[in-house]
Amino acid sequence: MGKIAQGILGGLSGKVGNVIGGSWKGIDYLRIKPASVANPRTAGQVNQRNKFTITLEFLQAVKPFIKQGYKKLAVKRTEFNAAMSYILNNAISGVEPNFEVFYPDALVSRGGLAAPINGAVDLTTPGEVSFTWDDNSTGGNAYGTDKAMLLVYNPAKKEAVSILDGATRATGSDIVALPSVYAGDNVELFMAFITADGSQVSNSVYLGSGTAQ
């Protein structure tokens with residue numbers, strides 16, 4: 001049972017009907033208890049939860065990459081939340097209730113730095129992925145000293161391997177070592193660039209998928 005201190009105009013502590021009162025940092029407050037939901041599992045709610053779960057699984061696996069790739073967008077929210085919002089709204093496909101991340105649209109890095117061009121991957125060597133790209137540092141805001149950010153995501157294991165300060169843009173290639181347990185698994189491949197001082201990043205580029213050796 002709730003109590004009203006100092007008469008009807010005083011602070012309310014506890015619950016009276018559907019009104020809940022309390023105090024936070026010396027400030028009295030009131031709020032209305034929400035009405036019970038007759039059907040908490042409507043089709044729309046189930047679909048949204050499924051989309052959220054799929055997105056969460058992906059982002060949890062690539063969290064270190066997201067932390068770098070979304071740091072410029074972490075304004076009054078975390079890098080993870082910024083990425084969650086983008087992926088949910090732009091990179092979920094499928095027919096209810098079977099949703100999935102559409103990797104070509106799943107930007108794991110977003111920024112104004114010049115993006116990689118003509119990126120490619122080679123998975124023929126066991127235990128590694130070879131990344132290559134063109135040196136486009138002669139144009140725009142691309143710099144030869146920019147570092148490659150490379151990501152290999154394993155959907156079956158819901159985990160990833162990444163390099164956040166790889167070879168320079170001018171170098172044009174780098175290699176990511178893979179755990180032996182990835183052999184035979186399909187992997188999704190991404191890359192982006194970050195400036196040498198870490199102040200700017202590019203949008204990520206999806207480089208396709210392949211079978212790890």
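Start by selecting Lys67 and Glu79: their side chains form a salt bridge, with the closest N and O atoms 3.9 Å apart. A salt bridge here is a side-chain nitrogen of Lys or Arg within 4 Å of a carboxyl oxygen of Asp or Glu. Lys67 sits in helix H2 (residues 63-69) and Glu79 in helix H3 (residues 79-90), so the pair ties together parts that are twelve residues apart in sequence. Helices (H or I, at least four residues) and strands (E, at least two) are DSSP runs, numbered from the N terminus. Lys67 counts as exposed, at 52% relative accessibility. For burial, the cut-offs are under 20% relative accessible area for buried, over 50% for exposed, and partly exposed in between (1.4 Å probe, protein chains only).

A word on what you have open: this is a predicted model, where local features need pLDDT of at least 70 and side-chain atom pairs count only at pLDDT 80 or more, while totals for chains, interfaces and linings use all residues. Residues are numbered from 1 along each chain as its sequence is written, and side-chain values use heavy atoms, with hydrogens and water left out.

**Two more salt bridges**

How many salt bridges does a search of the whole structure find? It finds three. For the next one, select Arg169 and Asp146, whose side chains meet at 2.7 Å, N to O. Arg169 is in the loop between S10 and S11 and Asp146 in the loop between S8 and S9, so this pair ties together parts that are 23 residues apart in sequence. Both Arg169 and Asp146 are buried.

Then pick Lys157 and Asp185, a salt bridge at 2.4 Å, N to O. This one links distant parts of the chain, 28 residues apart: Lys157 is in the loop between S9 and S10, and Asp185 in the loop between S11 and S12. Lys157 is partly exposed, with a relative accessible area of 32%, whereas Asp185 is buried at 14%.

**Backbone oddities**

While you have Lys157 on screen, select Lys158 in the loop between S9 and S10. Lys158 has a positive phi of about 55° although it is not a glycine, and at 42% relative accessibility it counts as partly exposed. Most residues other than glycine have a negative phi, and most peptide bonds are trans.

Asn118 is another residue to click on, with a positive phi near 55°. Look for Asn118 in the loop between S6 and strand S7 (120-122); it is exposed, with a relative accessible area of 56%. Now go to Glu96 and Pro97: the peptide bond from Glu96 to Pro97 is cis, with omega near 0°. Pro97 lies in the loop between strand S5 (92-95) and strand S6 (98-101).

**The four-stranded sheet**

Show S10, S9, S12 and S13 as cartoon; in that order they make an open sheet with antiparallel pairing. Two strands pair if DSSP finds at least two bridges between them. Strand S10 (159-163) and strand S13 (205-211) stand at the edges with a single partner strand each, so one side of each is left without a neighbour in the sheet. Neighbouring strands are turned by 20° against each other on average, direction ignored. Angles run from 0 to 180 degrees between N-to-C directions, with axes as lines fitted to C-alpha atoms, for helices over the stretch in contact.

Add helix H1 (residues 43-61), which packs on the sheet and touches strand S9 (147-154), S10 and S12; the direction of H1 makes about 130° with that of S9. Contact means heavy atoms within 4.5 Å. Zoom in on strand S12 (residues 186-194), joined to S13 by six bridges, and find Met191 opposite Val205 in S13.

**Into the core**

Which residues of the largest nonpolar core touch the most other members? Of its 26 residues, they are Phe58, Leu59, Val62, Ile66, Tyr70 and Val108. A nonpolar core is a set of buried Ala, Val, Leu, Ile, Met, Phe, Trp, Tyr and Cys residues joined through side-chain atoms within 4.5 Å. H3 gives the most to this core, with six residues. Colour domain 2 (44-102) and domain 3 (117-212): both give residues to this core, so it lies between them. Those bounds come from an automatic or database domain assignment.

Last stop is Leu59. Leaving aside neighbours within four places in sequence, Leu59 is in contact with Ile66, Phe80, Ala83, Met84 and Ile87.
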